[in-house]
Amino acid sequence: MSQEIAAAPDSIKAFDERLVQVSDNLPKRLKQCADYVANNKDRIAVSTVAEMAEGAGVQPSAFMRFCQILGFSGFSEMQRLFRDSFVGGWPDYSTRLHHLRETASGSPSALLAEFVDAGRVSLEGLLQTVDAQLLEQAVQQLAAARMIHIVGMRRSFPVASYIAYAFEKMAVPAMLHSAVGKLESHHAIREGDVMLAITFSPYSAETLDLVEQVAVRGIPVVAITDKSVSPLHKFGALTLTVSEVDFGAFRSLSATLCLAIALSVAVGTMRQDD
């Protein structure tokens, strides 16, 4: 498959944009590389190409080809971008968590320590993964809405419900879409409203369906998600990306909730000022 090689991204934001641009047209093995990188950008600065390739389930040569499609001469140049951008480096939490698992014998207190450490690492990375300009735009768009429609299913539901709670306390007009009883409520979304969608990989089909329905009607969408290649981008959503440490099926929500609270308070404050 022929790919036009562009100049290498010179910032993390440009890297994310390039990743979104190329992901949909990649063959299977290179798409695996894109998905792995999108979900594990914190590992790029501290891993070898062999480790990244193993994580993506491909040969190192395929991962090198992926780096070249992004515009880099190879993995070393891509790694240099992340090392230079994150002065001091991302915390190497993998080593610390591995040590905890090896020494704590799976006790409840050891599990607590793991999740505390995961939450701390997620919070430390939050300011590096959220674009301040996009955050400002999201607040302005939500604050100007006639009604904010909030949707977040499965493990995103705690975040969605907390935002709804915060908006209620700040007298911000908002509606939480929960799909309880399979009742559809998309008919309640009107012109002048904004949708706030929260979903993480593997993405909720119900959330994506609702976002697609409102996007085709021209309703603006603000999204909180976990990957720069999230399918929410396809619907023109103004997307805030937050990275969390995962434990298999369990995800730390520390950074996501922190972002959600900051977003909610900023929206409520802006509406009160107006």
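How many salt bridges does a search of the whole structure find? The search finds four, and three of them appear in the close-up views below, all taken from a predicted model.

**View 1. A salt bridge within helix α2.** The side chains of Lys31 and Asp35 meet in a salt bridge, with 2.9 Å from N to O. Both residues belong to helix α2 (residues 28-39), where a spacing of four residues separates them by about one helical turn. Lys31 is partly exposed at 27% relative accessibility, and Asp35 is partly exposed at 28%.

**View 2. A salt bridge between two loops.** Asp193 and Arg146 join their side chains in a salt bridge of 2.9 Å, N to O. Asp193 sits in the loop between β2 and β3 and Arg146 in the loop between α8 and β1, so the pair links distant parts of the chain, 47 residues apart. Asp193 is buried, with a relative accessible area of 1%, whereas Arg146 is partly exposed at 46%.

**View 3. A salt bridge from a loop to helix α10.** Arg154 and Glu206 meet through their side chains at 3.3 Å, N to O. Arg154 lies in the loop between β1 and α9 and Glu206 in helix α10 (residues 205-215), so the salt bridge ties together parts that are 52 residues apart in sequence. Arg154 counts as exposed at 56% relative accessibility, and Glu206 as partly exposed at 35%.

**View 4. A cluster of phenylalanine rings.** Ring pairs link Phe63, Phe66 and Phe75 into a cluster. The whole structure has four aromatic pairs. The rings of Phe63 and Phe66 have centres 5.8 Å apart and planes at 55°, so this pair is tilted. Both lie in helix α4 (residues 60-69), three residues apart, and both are buried. The rings of Phe63 and Phe75 have centres 6.0 Å apart and planes at 65°, which is over the 60 degrees needed, so this pair is edge-to-face. Phe75 is in helix α5 (residues 75-85), twelve residues from Phe63, and is also buried.

**View 5. The largest nonpolar core.** This core has 31 residues, and Ile148 and Ile198 have the most contacts inside it. Among the elements that each supply at least two of its residues are α8 (132-143), β1 (148-151), α9 (157-169) and β3 (194-198). Beyond its sequence neighbours within four places, Ile198 is in contact with residues including Ile150, Met153, Val159, Ile163 and Ile224.

**View 6. Strands β1 and β2.** β1 pairs with β2 (residues 174-177) in the parallel sense over four bridges. Ile148 stands opposite Ala174 in β2. With α9, the two strands make a right-handed β-α-β unit.

Definitions and conventions
Residues are numbered from 1 along each chain as its sequence is written. This is a predicted model: local features need pLDDT of at least 70, side-chain atom pairs count only at pLDDT 80 or more; totals for chains, interfaces and linings use all residues. Side-chain values use heavy atoms; hydrogens and water are left out. A nonpolar core is a set of buried Ala, Val, Leu, Ile, Met, Phe, Trp, Tyr and Cys residues joined through side-chain atoms within 4.5 Å. Buried means under 20% relative accessible area, exposed over 50%, partly exposed in between (1.4 Å probe, protein chains only). Contact means heavy atoms within 4.5 Å. Two strands pair if DSSP finds at least two bridges between them. A crossover is right-handed if, with the strands pointing away from the viewer, the path from the first strand over the helix to the second runs clockwise. Rings of Phe, Tyr and Trp (its six-membered ring) pair if their centres lie within 6.5 Å; planes under 30 degrees apart count as stacked, over 60 as edge-to-face and the rest as tilted.
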